[in-house]
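Visitor: I am new to protein structures. Could you pick one part of this one, look at it closely with me, and tell me what lies around it?

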Amino acid sequence: MAHLRTITIERQYVSGGREIGKRLSERLGIPFYDGQLLMLAAEKYGLNPGVVKANDEKVNKSLLYTVASAVENFRGNERGMMPYRIYQAQAETIRRLSMEGPCIFIGRCAGEVLRGKCRSLNVFIYASSMAERKERANQIDNIAMVETEDYIRMKDRQRRDYYKQYTDREWGDPMNYDLCLNSTTLGYDRCVELIERTL
């Protein structure tokens, strides 16, 4: 296990990044953290789990929200700082778990959180087939086929905005990752094999 590195996976919505991470976790025998990371952060830092989940990898960019947050922050109101508190709680949880040994993190800017802090392999998973992504969105999240493409673009935009907000880098830019893999052409198992060979 000494040769293993912590693996971070950023991914397009319904590109299979989570499934690839899960299969890799089983193959390597190391922990895998996705949604449960939110609950760990909420529990340790005394945050409301429902509020944490509602803010997961999202940035509210409406003008009304921005103005309201600025007023709340000026008044010293905790609610205005909540998205930042949630991000910091997740970041601290990511750093703490990575110190316990190699593991896999899905999303949540983990690659940037760990940059310069530990030996990690940062991966980006994308899928070139919109038809396959639409099918997966329909199957996984029960999105009506007629609405899937708009929903996929909205989810990707949320992830892009979240990544930019907290890292000031471009989500999906190959310069920010060690390895970028197309799950459409490679398939999940081949992606797992390639990541493992890169460790």
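Guide: Happily! We need one term to begin with: a cavity is a set of grid points where a 1.4 Å probe fits but cannot get out. Please keep in mind that this is a predicted model. By this rule there are two cavities of 30 Å³ or more, and the second largest has a volume of about 30 Å³. Its lining is made by Asn55, Lys58, Pro83, Ile86, Tyr87, Gln90, Tyr162 and Tyr166. Helix H5 (78–99) and helix H8 (148–167) are the elements that give two or more residues to this lining, and H5 gives the most, with four. Sorted by class, the lining of the second largest cavity has five nonpolar, two polar and one charged residues.

Now for the largest cavity, which has a volume of about 50 Å³. Among the residues that line it are Thr8, Glu10, Glu112, Arg115, Asn122, Val123 and Tyr177. Strand S1, helix H6 (110–114) and strand S4 each bring at least two residues to this lining, with the largest share, three residues, coming from H6. The classes here are five nonpolar, four polar and three charged.

Let's make S4 the part that we study closely. This strand covers residues 120–126, and six of its seven residues are buried. What lies beside it? S1 (residues 6–11) pairs with S4 in the parallel sense over six bridges, and in this pairing Ile7 stands opposite Leu121 of S4. Strand S5 (residues 179–182) also pairs with S4 in the parallel sense, over four bridges. Here Ile125 has Leu181 in S5 as its bridge partner.

That last pair is a lovely example of how a chain folds back beside itself. Leu181 and Ile125 are 56 residues apart in sequence, yet their C-alpha atoms are 5.1 Å apart in space. Leu181 has a relative accessible area of 5%, and it counts as buried because the cut-off for that word is under 20%. Leaving out residues up to four places away in sequence, Leu181 touches Val123, Phe124, Ile125 and Tyr126, and also Leu186, Cys191, Leu194 and Ile195.

Next, follow Val123 in S4. We met it in the lining of the largest cavity, and it also belongs to the largest nonpolar core. That core has 20 residues, of which Ile7, Ile104, Val123 and Ile195 touch the most other members. S1, helix H1 (17–28), strand S3 (104–106), S4, S5 and helix H10 (188–198) each supply at least two residues of this core. H10 gives the most, with four residues.

What does Val123 touch, setting aside its neighbours within four places in sequence? Its contacts are Ile7, Thr8, Ile9 and Glu10, then Tyr177, Leu179 and Leu181, and finally Ile195. There is also a second, separate core of 18 residues, including Leu37, Leu97, Phe105 and Trp171.

One general idea is handy when you turn the picture around: in a regular strand, side chains alternate between the two faces of the sheet. To retrace our walk, start at S4, where six of the seven residues are buried. Look across to S1, its partner over six bridges, and then to S5, its partner over four. Finish at Val123, one of the residues lining the largest cavity.

Methods
Residues are numbered from 1 along each chain as its sequence is written. This is a predicted model: local features need pLDDT of at least 70, side-chain atom pairs count only at pLDDT 80 or more; totals for chains, interfaces and linings use all residues. Side-chain values use heavy atoms; hydrogens and water are left out. Buried means under 20% relative accessible area, exposed over 50%, partly exposed in between (1.4 Å probe, protein chains only). Two strands pair if DSSP finds at least two bridges between them. On a 1 Å grid over the protein atoms alone, a cavity is a set of points where a 1.4 Å probe fits but cannot get out, and a pocket is an open set with protein on both sides within 12 Å along at least five of seven lines; lining residues have an atom within 4 Å of a point. Grid points are joined across faces, edges and corners, and a volume is the space filled by probe spheres set on the points. Ala, Val, Leu, Ile, Met, Phe, Trp, Tyr, Cys and Pro count as nonpolar, Asp, Glu, Lys and Arg as charged, and the others, Gly among them, as polar. A nonpolar core is a set of buried Ala, Val, Leu, Ile, Met, Phe, Trp, Tyr and Cys residues joined through side-chain atoms within 4.5 Å. Contact means heavy atoms within 4.5 Å.
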